[in-house]
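User: I am new to this structure and would like a close look at a single part of it, with its surroundings explained step by step. Please choose one part and describe it in connected prose.

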Amino acid sequence: RFEERQIGLVTIKRDRYVAREAGAEPGLLTTPLLVLDGERLTVNADARGGEIRVQATAADGQPLPGFTFDDCAPITADSLDAPVAWKNSVSELSGKLLRLEFSLQNAKLYAFGVE
């Protein structure tokens, strides 16, 4: 039986209800097939002490040249909209059927967005 009542307030950063998380052992998250329509890809992630890299693959799973994990600058910060930077421009992917693969190590991925 509770006789004492309290009111509290909890705050969290935007869109951080659920995350995919990887520890010291790297994890891989692959999207279903999708078509990107934009010039900028961002992630809502916490990669302090770790990293996230993104790779774009064709429908058959083959990495697209210029958009591999090796071509991706690692994301190592806590950000609501960290830009994904590859050797090539995201606009080159516009209109193509593809998958995105997210490689995480000691990081949390909450969401990604295309602008």
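Analyst: A strand, as the word is used here, is a DSSP run of E with at least two residues, and strands are numbered from the N terminus. In those terms, Tyr17 lies in the segment before β1, which covers residues 20-22. The model is a predicted one, and the part chosen for a close look is strand β4, made up of residues 41-46.

Buried is taken to mean under 20% relative accessible area, and by that cut-off 6 of the 6 residues of β4 are buried, so the strand is largely enclosed by the rest of the structure. In a regular strand the side chains alternate between the two faces of the sheet. For β4 the two faces can be listed separately: Leu41, Val43 and Ala45 are on one side, Thr42, Asn44 and Asp46 are on the other, and both faces are covered.

The next step is to ask what β4 pairs with. It pairs with β8 in the antiparallel sense over 6 bridges, and within that pairing Leu41 has Val114 of β8 as its bridge partner. It also pairs in the antiparallel sense with strand β6, residues 78-83, here over 4 bridges, and Asp46 of β4 stands opposite Asp78 in β6.

One face of β4 leads on to the interior. In soluble globular proteins, nonpolar side chains tend to be buried together. The largest nonpolar core here has 25 residues, and Val43 is among those that touch the most other members, together with Val54, Val84, Trp86, Leu93 and Leu100. Strands β4, β5 (51-57), β7 (97-105) and β8 each supply at least two residues of this core, with the largest share, 4 residues, coming from β7. Val84 shows how this core meets β4: leaving aside its neighbours within four places in sequence, Val84 is in contact with Leu41, Thr42 and Val43, and also with Val54, Cys72, Ile75 and Val90.

Asp46 deserves a closer look of its own. With a relative accessibility of 12%, Asp46 counts as buried, yet its side chain meets that of Arg48 in a salt bridge, at 2.7 Å from N to O. Arg48, by contrast, counts as exposed because its relative accessibility is 55%. The structure holds 5 salt bridges. Another of them joins Arg53 to Glu51, the closest N and O atoms being 2.9 Å apart; Arg53 is partly exposed at 23% relative accessible area, and Glu51 is partly exposed at 26%. A further salt bridge is formed by the side chains of Lys87 and Asp71, at 3.5 Å from N to O. Lys87 lies in the loop between β6 and β7 while Asp71 lies in the loop between β5 and β6, so this pair ties together parts that are 16 residues apart in sequence. Of these two, Lys87 is exposed at 65% relative accessibility, whereas Asp71 is buried at 13%. To return to β4, salt bridges that share partners join Asp46, Arg48 and Asp78 into one network.

The surroundings of the partner strand β8 can be followed as well. Glu115 is found in the segment after β8, whose residues are 107-114, and it is exposed, with a relative accessible area of 52%. Not counting residues up to four places away in sequence, Glu115 touches Gly38, Glu39 and Arg40. Its C-alpha is 10.0 Å from that of Val90, a residue 25 places away in sequence. Asn106, in turn, lies in the loop between β7 and β8, where it has a positive phi of about 50 degrees although it is not a glycine; at 35% relative accessibility, Asn106 counts as partly exposed.

Two places elsewhere give a contrast in exposure. Thr31, in the loop between β2 (27-30) and β3 (34-35), counts as buried at 10% relative accessibility, and it touches Arg99, Leu100, Phe102 and Phe112 once residues up to four places away in sequence are set aside. Tyr17, on the other hand, counts as exposed at 70% relative accessibility, and it forms a nonpolar patch on the surface with Val10, Ile12 and Val18, with about 520 Å² of accessible area together.

Methods. Residues are numbered from 1 along each chain as its sequence is written. This is a predicted model: local features need pLDDT of at least 70, side-chain atom pairs count only at pLDDT 80 or more; totals for chains, interfaces and linings use all residues. Side-chain values use heavy atoms; hydrogens and water are left out. Patches are made of residues with over 30% relative accessible area and no salt bridge: like charges are joined within 9 Å, nonpolar side chains (Val, Leu, Ile, Met, Phe, Trp, Tyr) within 5 Å. Accessible areas come from the Shrake-Rupley method with a 1.4 Å probe; for residues, only the protein chains shown count as cover. A salt bridge is a side-chain nitrogen of Lys or Arg within 4 Å of a carboxyl oxygen of Asp or Glu. Buried means under 20% relative accessible area, exposed over 50%, partly exposed in between (1.4 Å probe, protein chains only). Contact means heavy atoms within 4.5 Å. Two strands pair if DSSP finds at least two bridges between them. A nonpolar core is a set of buried Ala, Val, Leu, Ile, Met, Phe, Trp, Tyr and Cys residues joined through side-chain atoms within 4.5 Å.
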